[in-house]
Amino acid sequence: MAEKKNAPAPDLRSGMDKDSLREDIKMHLKHTLAKDEFSKTNWDNYRSVVLTLMDRLNERWLTTQQHYHNSGAKRVYYLSMEYLIGSLLENMIVNLDIKQEIMDALDDVGLNYDDIRNAEWDAGLGNGGLGRLAACFLDSMATLGIPAIGYGLRYDYGIFYQTMENGFQVEKPDLWLRYGNPWDIVRPKVQYPVEFYGRQGAVKNGDDGFYYSWEDTKKVQAVAYDTPIPGYDNGIVNNLRLWKAESDTTLDLKSFNQGQYIDAVKDNQLEQNITRVLYPNDKVFVGQELRLKQEYFLVSASMQDILRRFKHGNKDWTKLPEKVAIQCNDTHPNLAIPELMRVLLDDVKMPWEKAWEITSKTMAYTNHTLLPEALEKWPVSLVRNLLPRHLNIIYEINRRFMDTIKAKHGNDTGKMQRMSIVSEGENPIVHMAHLGIVGSRKVNGVAALHSRLVKETMFNEFDEIYPDKFTNKTNGITPRRWLKQCNPELASLISGTIGNDWVTNLDELKKLVPLAKKEAFQNKFSEIKLNNKKKLANYIKETRGIEVDPKSIFDIQIKRIHEYKRQLMAALHVATLYNRLKANPGLDIVPRTVIFGGKAAPGYAMAKLHIKLINSIGEKVNNDPDVSDKLKCIFLENYRVTLAEMMIPAADLSEQISTAGMEASGTGNMKFALNGALTIGTLDGANVEIKEEVGDDNIFIFGLTVEQVDDLRKQGYNPRDYYNANSELKQVIDQIKTGFFCPEDPALFEPVIDALLQKGDYFMVMADYETYVSAQAKVEQEYRNQPEWNRKAILNVANIGKFSSDRTIMDYADEIWQTKPIELKKK
């Protein structure tokens, strides 16, 4: 009898095979978590899988960081107040390329992969697109081998948990840390003091001037929490370092012993409040001291960490721009400019000109908005109280900048007032965008249209002063999460057809173009889309108790609720379809399921009223037997990354309908197209470039252009003209006004109607409505021809390669950061 060969022993802590992973999962459950088959919970099972993955990640993490250090590579430091990283388990598994091995290992021990995956709570450390973009960028930097660290804040409470009560949004705390976060590692020895308040001091510096200092400050400790960010199947693991605020002082034991517990812990709690909660994306932050504290807390802790790392291997401060690139994600971290100046001036004792040259070569700033009210501004009185030394530095930066303007344009007081970093008047303010422009090497927009408008309108005078400073870096999305992870069936079809290289080179999808008209490929593509729609339909049934037809058009709009994103216009279209069906019950229309998702900032009353209106329309539509087999309107609560991963693969139609000139880029538009949805949209943000890539015939464009919006405003836009000229629009507006959709409170939606008819309809809903409805009619007509619709959908997938965040990051690396990717031998 032949002797049976012994199987190789599992390679604990590092093996990537099924057996090694299985044994590690069992080991961690017993020896790390002290649980057995009788006491374990699903959370324990989940944690044992996380710990098993962390073993593999930690080894690669250490190797990567050591390699970066030894190579002396230039580092990129990405500063962002938001990282919408969502759930991490499947993302880690996909990037380690061990999904099947993990599933098999779990099966061996009687565990279900989906149960483990669903145990994780989304890390909602962002409000929307800004934070999700930052998360995609981290993934791409690691996949490309860019030596980078992301810096942010470890909020105790992320973006609020959204529920609905009688159709109204209700905000509840996001308890994402209720059981701790098994993905991050606290570094108690990596702490930095962050200072606030105090006063500016000065000491005579010979005959030439003064050395300045910041004295009598109050301190808060910043403690580092690190999360590994693996690249895709390349052995590289970068770092996301989030700061948590802790008290700089111990308890006042005298007060404590006298029974004054509240007084004893009061200061500690106030200091820890800095990272207690993510600020919702309200329209303005003016006057909110805690928000300014958060921004400086991020900047100060991160700058100390950056400069500690730089000084470890460098003595020459003039080399800082050669070794360090700091990217500010929007205006929020722009205090990094005066902070670096403060360190160089006060601590290093460097002369101003030299410090400014170093600072302005090291910093870069990304602008994310065309809405003037969204550009951050801080009252001088608040900055003076909280950051007195920084305010004086900002004043000096501004004085020298005004001298530059004078030298070029003479004593043009109007220009100087418009461009000044610090405004004059009774209540002067600091313009953080102006500070970012003046103090950065490069300033970029995030889509071609956005960047053009930044240069031509919002900051045209700055572009005259700095003609080479402004540039475009069109946003992108990571194909690892937004196709391979969220749509595994489609990813498998693509890989089985053209190979797997598309995962790291999205332009490879061009190879699908010839297959778009092939019936066999269309059929497989269509079957996958239907499967994804069935999954979403099941979720809607489970969470909302509403049955929807997976064969209907899934018409989806998911994004932050804001007037300029015009969820209202999509809701009006639902009401119009409803009215048509009621007037003609036998009307031959393609069944349609319109699905909304998104959160309104708690203080944004109009946006919250739009959510209520959508729900009220849905209540009427979904409960009317005359239309229920042809039309549904659904609002899915608590929109988040994990829900997006289910909704996007199921979409037939992607709603990108913002007022032209108001959306900087958008990235949802890219995710939908990558997953085979056709776009209905205005020529706004990245829609313009998506149209160029996928072709005019494969996208539904409607509405006024940026120039037409401007012309109409100048001519004197009267929304009532459109109301009176369109009987269907008038009917819907009148229904809303008279309480047809909300009979229990007929006057509830009067502010919505007032904004449209009485207050000028700033977001041009009335003006664009007719062309929007016409475009929707074309959608229905096209959808009736399924082979043609599938061909167009496949061409969207095939031609969306430009919008990979890998391309975006390489553009940043080449043109802004001037750093090169690092290769590492994969273990």
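**A tour from strand β4 to the sheet around β21**

Begin with β4, where Ala148, Gly150 and Gly152 point one way, Ile149, Tyr151 and Leu153 point the other way, and all of them are buried. The model is a predicted one. Extend the selection to residues 148–153: 6 of the 6 residues of β4 are buried, so the strand is largely enclosed by the rest of the structure.

Next, display the neighbours of β4. Strand β1 (residues 75–79) runs parallel to β4 and is joined to it by 4 bridges. Select tyrosine 77 to locate one bridge, whose partner in β4 is isoleucine 149. Then select strand β11 (residues 237–247), which also runs parallel to β4 and is connected to it by 5 bridges. Here leucine 153 stands opposite tryptophan 243 of β11.

Move on to helix α22, residues 567–583. From first C-alpha to last, this helix of 17 residues reaches 25 Å, close to the 24 Å expected at 1.5 Å a residue. Colour α22 by accessibility: 14 of its 17 residues are buried, and the helix is mostly covered.

The following stop is an open sheet of 6 strands, paired in parallel in the order β20-β19-β18-β21-β22-β23. Its edges are β20 (631–636) and β23 (700–701), each of which pairs on one side only. Within the sheet, select β21 (residues 653–656) and β22 (residues 678–681), a parallel pair joined by 4 bridges. Serine 654 faces its opposite residue in β22, threonine 679.

Finally, add helix α23 (residues 605–622) to the view. This helix lies across β19 (592–597) and β20, and runs at about 145° to β20.

Notes
Residues numbered from 1 in each chain as written. Predicted model: local features only at pLDDT ≥ 70, side-chain atom pairs only at ≥ 80, totals over all residues. Heavy atoms only, no water. Buried < 20%, exposed > 50% of the residue type's maximum accessible area, 1.4 Å probe, protein only. Helix = DSSP H or I, 4+ residues; strand = E, 2+ residues; numbered from the N terminus. Pairing = 2+ DSSP bridges. Expected span 1.5 Å × (residues − 1). Contact = heavy atoms within 4.5 Å. Axes fitted to C-alpha atoms, helices over the stretch in contact; angles between N-to-C directions.
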